[in-house]
Amino acid sequence: MNSTRTPLYKVGQIKKHFPVLGGILRRTKGYVKALDGVDLEIFRGETIAVIGESGCGKTTLGRMLALLDKPTGGELSFDFGQGLQDVTTLRGADQMRFRKKVQMIFQDPYTSFNPRQRVGAAMDEVLRVHGVKDEAERTVRIMEACEMVNIRPEYLQRYPHEFSGGQRQRLAIARCLATKPELIIADEIVSALDVSIQAQIVNLLLKIQRETGLSFIFVTHDVAVARYVGHRVAVMYLGNVVEILPADSLPEAAEHPYTIALLSAVPSMNPTAKEQRVVLQGEVPSPIDMPSGCAFSTRCPAVMDICRTERPVLKISNISKGDHQVACHLNKGAK
Ligand code: SF4
């Protein structure tokens with residue numbers, strides 16, 4: 001995106017290392033580096049689709065951005081309207097203000113609803129927690145949100161188990177919308193749904209974005225969904241973003257060897273696609289014992305000596321330039 005614009009949310013070298021305990025005394029033997037220095041900027045009104053294999057850290061990144069987990073290091077800054085402000089140290093009312101602005105939707109919405117509470121009451125409770133004291137205002141907000149996701153008002157009297165997976169996901173989206181957020185983090189929200197329902201939910205999000213100008217971070221393992229829903233796609237590999245590029249430039253513009261391999265694994269209607277498929281050799285490194293240079297160096301078909309000692313950083317692509325960043329020693333960076 002345009003570097004002269006102020007991002008809504010800025011992620012700077014964010015890290016999340018989980019200690020690995022061992023021995024009789026349960027001492028720390030090492031760390032699982034779930035996130036190891038992620039940089040990302042999210043702008044108003046855009047959707048960033050975050051893709052990568054399972055275990056690459058995309059869900060951890062989503063939870064970190066929603067402040068559901070505390071980062072081990074790095075910076076998270078959000079623009080409440082007066083410029084970027086550090087949010088990792090927010091407490092009490094300030095943290096609640098952030099939670100109202102940044103909402104998260106999970107893969108299984110059933111677990112985020114109380115099975116013994118009617119869905120209307122659950123939505124009402126969220127608004128009360130976020131300080132909407134006036135009952136009439138809460139009702140109006142809930143009705144507006146339900147209308148946006150095509151849920152009939154009488155459904156609010158039902159319990160979560162009375163809905164299909166797709167309807168529950170719509171209700172989860174409505175519950176977020178009622179708080180009037182600026183950013184929604186959607187973590188694999190269509191993965192468990194039938195393909196036709198997936199398309200309905202994805203199109204619903206696109207419609208909501210057109211109408212409200214909301215920003216989305218859409219975490220998915222499905223490259224086709226990422227291309228369809230995202231303005232930009234961020235590709236993750238072992239706790240790092242290795243490439244960020246416009247969604248409509250995929251697959252042709254992909255430069256990072258991992259992105260190319262990932263995209264080549266997507267089934268294609270093209271009969272020659274099989275010949276173009278990149279089959280990766282080598283072992284996926286353990287997140288407890290990462291290589292010192294590029295994390296992809298153990299599998300990369302283009303590996304060079306420098307890759308084993310020096311970690312590449314995200315730089316603007318010297319080929320595509322503009323909105324395209326690549327963390328690879330093959331990319332010399334735009335002049
Ligand atoms: Fe491959 Fe080296 Fe680029 Fe890593 S930095 S992706 S090992 S060429």
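Good morning. Two strands are said to pair if DSSP finds at least two bridges between them. With that criterion in hand, I turn to the structure before you, which is a predicted model.

Let me begin with strand β7. β7 and strand β8, residues 215–219, pair in the parallel sense over 5 bridges. Within that pairing, Ile 185 has Ile 217 of β8 as its bridge partner. Strand β6, residues 102–105, also pairs with β7, again in the parallel sense, over 4 bridges. There, Gln 103 is matched with Ile 184 of β7.

How many of the residues of strand β7 are buried? The count is 5 of the 5, residues 183–187, so the strand is largely enclosed by the rest of the structure. As a general matter, side chains in a regular strand alternate between the two faces of the sheet. In β7, Leu 183, Ile 185 and Asp 187 point one way, Ile 184 and Ala 186 point the other way, and all are buried. The connection onward to β8 involves helix α6, residues 195–212: together β7, α6 and β8 make a right-handed β-α-β unit.

One residue on that path deserves a remark. Glu 188 lies in the loop between β7 and α6. Glu 188 has a positive phi of about 50°, although it is not a glycine. Its relative accessible area is 10%, and because buried means under 20%, Glu 188 counts as buried.

I now widen the view to the sheet. These strands belong to an open sheet of 8 strands with mixed pairing, in the order β6-β7-β8-β3-β9-β10-β12-β11. Which strands stand at the edges? They are β6 and β11, the latter being residues 315–316; each has a single partner strand, so one side of each is left without a neighbour in the sheet. For β11, the pairing with strand β12, residues 325–326, is antiparallel and runs over 2 bridges. In that pairing, Lys 315 stands opposite Val 326 in β12.

Two loops next to β10 also call for comment. The loop between β9, residues 232–237, and β10 holds Leu 238. Phi of Leu 238 is near 45°, a positive value in a residue other than glycine. Leu 238 counts as buried, at 10% relative accessibility. On the other side of β10, which spans residues 240–246, the loop leading to α8, residues 257–264, contains Pro 251. The peptide bond from Leu 250 to Pro 251 is cis, with omega near 0°.

Next, helix α1, residues 58–65. Here 6 of the 8 residues are buried, so this helix too is largely enclosed by the rest of the structure. The buried residues of α1 are Lys 58, Thr 60, Leu 61, Gly 62, Met 64 and Leu 65. Just after α1, Leu 67 takes a positive phi of about 60°.

Finally, the ligand. Where does the ligand sit? It sits in the largest cavity. Around the ligand are His 256, Pro 257, Cys 294, Phe 296, Ser 297, Cys 300, Ala 302, Cys 307, Pro 312, Cys 328, His 329 and Leu 330. By class, this shell has 9 nonpolar and 3 polar residues, and no charged residues.

To close, I would ask you to keep two points in mind: the enclosed strand β7, with 5 of its 5 residues buried, and the ligand in the largest cavity. Thank you.

How values were computed:
Residues are numbered from 1 along each chain as its sequence is written. This is a predicted model: local features need pLDDT of at least 70, side-chain atom pairs count only at pLDDT 80 or more; totals for chains, interfaces and linings use all residues. Side-chain values use heavy atoms; hydrogens and water are left out. Buried means under 20% relative accessible area, exposed over 50%, partly exposed in between (1.4 Å probe, protein chains only). A crossover is right-handed if, with the strands pointing away from the viewer, the path from the first strand over the helix to the second runs clockwise. A residue is near a molecule or strand if one of its heavy atoms lies within 4 Å of it. On a 1 Å grid over the protein atoms alone, a cavity is a set of points where a 1.4 Å probe fits but cannot get out, and a pocket is an open set with protein on both sides within 12 Å along at least five of seven lines; lining residues have an atom within 4 Å of a point. A molecule sits in a cavity or pocket if more than half of its atoms lie within 2 Å of its grid points. Ala, Val, Leu, Ile, Met, Phe, Trp, Tyr, Cys and Pro count as nonpolar, Asp, Glu, Lys and Arg as charged, and the others, Gly among them, as polar.
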